[in-house]
Amino acid sequence: EGTQSSEVISVNYDICGDKWKVVAPGDAQKGFDENLAIDGDPKTMWHTPWEGKITNHPHQLTIDLGETIGLRGFSYLPRTDGNLSGVCQTYNFEVSSDGKTWISAKQGEFSNIRNNPVFQEVFFEKIQSARFIRFTSLSTVKKDAYLSMAEIGIITH
């Protein structure tokens, strides 16, 4: 009979996110809340509203890691359903020790994400000690008003 193939998706897990908590949620489409961006499941996603009250960029997600950690970088997994809607293109990633004072650890773009929407790893210039992280999406590949994200993670080694 027929054979089917699909794209291989791999996710590198760094440290367990059991202590993580979304502390400053952004807007979310019903059924696509922010906690889905840290649930460890690449098939689920956080998605800001695409109907009703749609808010334009920037979109932010702030996470309490539950402990202070030395961070080498972060990871971003775009939605894995083959749809490019809401896939982040440009971003700012900030770190904080207290959740009040923020330092921009990296600002940039996922340069080839439109053609290759896969797991992205971004490394900082130097190790950043942080308890809180804040990911801000500044624009998407399709210039959508909304954002989608399968997973956000940190890199410690």
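**Buried polar residues, a nonpolar core and salt bridges**

Me: T136 has its place in strand β6 of this predicted model. Does T136 count as buried or exposed?
Reply: The cut-off for burial is a relative accessible area under 20%. T136 has a relative accessibility of 5%, so by that cut-off T136 counts as buried.

Me: Which residue is joined to the side chain of T136 by a polar contact of 3.1 Å?
Reply: Leaving aside its neighbours within four places in sequence, T136 is in contact with P58, H59, Q60, T90, Y91, N92 and E94. One of these contacts is also a polar contact between side chains, with a distance of 3.1 Å, and the partner of T136 in it is Q60.

Me: Is N92 buried or exposed?
Reply: N92, which appears among the contacts of T136, lies in strand β4. Because its relative accessible area is 13%, which falls under the 20% limit, N92 is buried.

Me: Which side chain is joined to that of N92 by a polar contact of 2.6 Å?
Reply: When its neighbours within four places in sequence are left aside, N92 is in contact with S104, K106, Q107, R134, F135, T136 and L138. A polar contact of 2.6 Å runs from the side chain of N92 to the side chain of S104.

Me: What distance separates the C-alpha atoms of N92 and L138?
Reply: L138 is among the residues in contact with N92. Along the chain the two residues are 46 residues apart, and the separation of their C-alpha atoms is 7.3 Å.

Me: Which residues have the most contacts inside the largest nonpolar core?
Reply: That core has 31 residues, and at least two of them come from each of β3 (59-77), β4 (88-96), β6 (120-140) and β8 (151-155). The strand that gives the most to the core is β3, with 7 residues. Within the core, the residues with the most contacts are F74 and F135.

Me: Which phenylalanines does F74 touch, not counting residues up to four places away in sequence?
Reply: Among the residues that F74 touches on this count are Y91, Q120, E121 and V122, together with I152, G153, I154 and I155. The phenylalanines in the list are F93, F110, F124 and F135.

Me: How many residues apart are R134 and E94, a pair that links distant parts of the chain?
Reply: The side chains of R134 and E94 meet in a salt bridge with an N to O distance of 2.9 Å. R134 belongs to strand β6 and E94 to strand β4, and the gap between them along the chain is 40 residues.

Me: Is E94 buried or exposed?
Reply: Its salt-bridge partner R134 counts as buried at 17% relative accessibility. E94 has a relative accessible area of 12%, so E94 too is to be described as buried.

Me: How many residues apart in sequence are the parts that E67 and K19 tie together?
Reply: The side chains of E67 and K19 meet in a salt bridge of 3.6 Å, N to O. E67 lies in strand β3 and K19 in the segment before β1 (21-24), so the parts tied together are separated in sequence by 48 residues.

Me: What relative accessibility does D81 have?
Reply: D81 and R79 have side chains that meet in a salt bridge of 2.8 Å, N to O. R79 is buried, with a relative accessible area of 10%, whereas D81 counts as partly exposed, its relative accessibility being 47%.

Terms used. Residues numbered from 1 in each chain as written. Predicted model: local features only at pLDDT ≥ 70, side-chain atom pairs only at ≥ 80, totals over all residues. Heavy atoms only, no water. Core = buried A, V, L, I, M, F, W, Y, C linked by side-chain atoms within 4.5 Å. Buried < 20%, exposed > 50% of the residue type's maximum accessible area, 1.4 Å probe, protein only. Helix = DSSP H or I, 4+ residues; strand = E, 2+ residues; numbered from the N terminus. Contact = heavy atoms within 4.5 Å. Polar contact = N/O pair within 3.5 Å; in protein donor to acceptor, adjacent residues only side chain to side chain. Salt bridge = Lys/Arg side-chain N within 4 Å of Asp/Glu carboxyl O.
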